[in-house]
Amino acid sequence: MPTESNETHRASGLLIGIGSVLAVLLMAHHPSTGGRDTASLVEELSLEAPLTSGVHGGLIVLMGCLLLGFTGFSEHLGLEKLRVRAALCAYGLGIAFMIMAATVSGFIVPGLASRYVSEAATAPVLESVRPALRLCFQANQSAAQAGTVALSIAILLWSWTLLERSGPSRAIGIFGIAVGVLPPLALFAGRLHLDVHGMGAVVLAQAFWSVAVAIWLYRRR
């Protein structure tokens, strides 16, 4: 009969696996804007506001589920180990930064655009919103970059711990080292831009590793 610990591991594995897959699916529906001037950009942002808010709201919920799942994963690896506690802290910080980025892109920007469209603002008034949109874009990018680095550090530390084991654990650890190292290196080298496509690539890579962890954790005894 499964023990309470086994059931906890399975629940954590399910949270990580299902949460990671759903996050990839939501990112695939992330809208992208291409307005050439401020008026068309604001109108496009306003029209896509419901979808944008829905996608980012769903991602925020999933990030909470992933944090809960990886807390169980950390408990299984041993919270008495400093590197495991550090990984969990880094992951929590990464989730916080990602929620900040999602809040800006999913709620603040669409809300700002919808307000100007609903008020039928003139072209000069619409131009005045461009600095605010630029500020939001920079806030989103800064939070997303910090979140990507923090999540990568967490994956590196967890993978380092898995490398000490044998069999599938070591393979997941090796894969995790690559997943943890490449995004920060690409960011610092200027090769990775966290637009919709760049962020989608990061989420997809981390999801592959997370699903591997979920399967491993679900099957643990």
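A residue counts as buried when its relative accessible area is under 20%, and as exposed when that area is over 50%. With this in hand, welcome to a tour of a predicted model. Of the 221 residues of the protein, 42% are buried.

**The overall picture**

Eight helices and zero strands make up the secondary structure of the protein. Read from the N terminus, the elements run α-α-α-α-α-α-α-α. Along the principal axes, the C-alpha atoms fill a box of roughly 65 × 40 × 25 Å. The accessible surface is about 11300 Å², and carbon and sulfur atoms own 68% of it. Among contacts with a separation of 6 or more, 80% join residues that are 24 or more positions apart. As for charge, the protein carries 14 positive and 12 negative charges, and the mean positions of the two sets are 14 Å apart.

**Helix α7 and its buried face**

Let us begin with helix α7, which covers residues 168-188. Its 21 residues should span 30 Å at 1.5 Å a residue, and the end C-alpha atoms are 31 Å apart, which agrees. Which residues of α7 are buried? They are S169, I172, G173, G176, V179, G180, P183, P184 and L187. Seen down the helix axis, these buried residues fall within an arc of 125°, so they line one face of α7. On the other side of α7, I174 and L182 are exposed. The cover over the buried residues of α7 includes α6 (130-162) and α8 (196-218).

**From α7 into α8**

After α7 comes G190, a residue with a positive phi near 75°. The loop between α7 and α8 also holds L192. Is L192 buried or exposed? Its relative accessible area is 15%, so L192 is buried. Beyond residues up to four places away in sequence, L192 touches P183, A186 and L187, along with G198 and V202. Two of these names, P183 and L187, belong to the buried set of α7, while G198 and V202 appear in the buried set of α8. Looking further along the chain, L192 and A90 are 102 residues apart, and their C-alpha atoms are separated by 21 Å.

Helix α8 has 23 residues and reaches 31 Å from its first C-alpha to its last, close to the 33 Å expected at 1.5 Å a residue. Its buried residues are G198, M199, V202, V203, Q206, A207, W209, S210, V213, A214, W216 and L217.

**Two residues of α6**

T148 lies in helix α6. This threonine has a relative accessible area of 0%, so T148 is buried. Leaving out residues up to four places away in sequence, what does T148 touch? The list is M98, P183, L187, L194, M199, V202 and Q206. Of these partners, P183 and L187 are buried residues of α7, and M199, V202 and Q206 are buried residues of α8.

L135 is also placed in helix α6. With 61% relative accessibility, L135 counts as exposed.

**Buried positions in α4 and α1**

G106 sits in helix α4, which runs over residues 82-118. Its relative accessibility is 0%, so G106 counts as buried. Apart from neighbours within four places in sequence, G106 is in contact with T52, S53 and H56.

In helix α1 (residues 4-28) we find S12. A relative accessible area of 6% makes S12 buried. Beyond residues up to four places away in sequence, S12 touches G69, G72, F73 and L217. The last of these, L217, is one of the buried residues of α8, which ties S12 of α1 to that helix by contact.

**Sequence and space side by side**

The table sets separation along the chain beside C-alpha distance for several pairs.

| Pair | Separation in sequence | C-alpha to C-alpha distance |
|---|---|---|
| S12 and T71 | 59 residues | 7.9 Å |
| L135 and I99 | 36 residues | 17 Å |
| G106 and V117 | eleven residues | 17 Å |
| L192 and A90 | 102 residues | 21 Å |

Note on methods: Residues are numbered from 1 along each chain as its sequence is written. This is a predicted model: local features need pLDDT of at least 70, side-chain atom pairs count only at pLDDT 80 or more; totals for chains, interfaces and linings use all residues. Side-chain values use heavy atoms; hydrogens and water are left out. Helices (H or I, at least four residues) and strands (E, at least two) are DSSP runs, numbered from the N terminus. Buried means under 20% relative accessible area, exposed over 50%, partly exposed in between (1.4 Å probe, protein chains only). Contact means heavy atoms within 4.5 Å. Accessible areas come from the Shrake-Rupley method with a 1.4 Å probe; for residues, only the protein chains shown count as cover. Lys and Arg count as positive and Asp and Glu as negative; His and the chain ends are not counted. The place of a charge is taken as NZ of Lys, CZ of Arg, CG of Asp or CD of Glu. The expected span of a helix is 1.5 Å times one less than its number of residues. The arc is that of the directions from the helix axis to the C-beta atoms.
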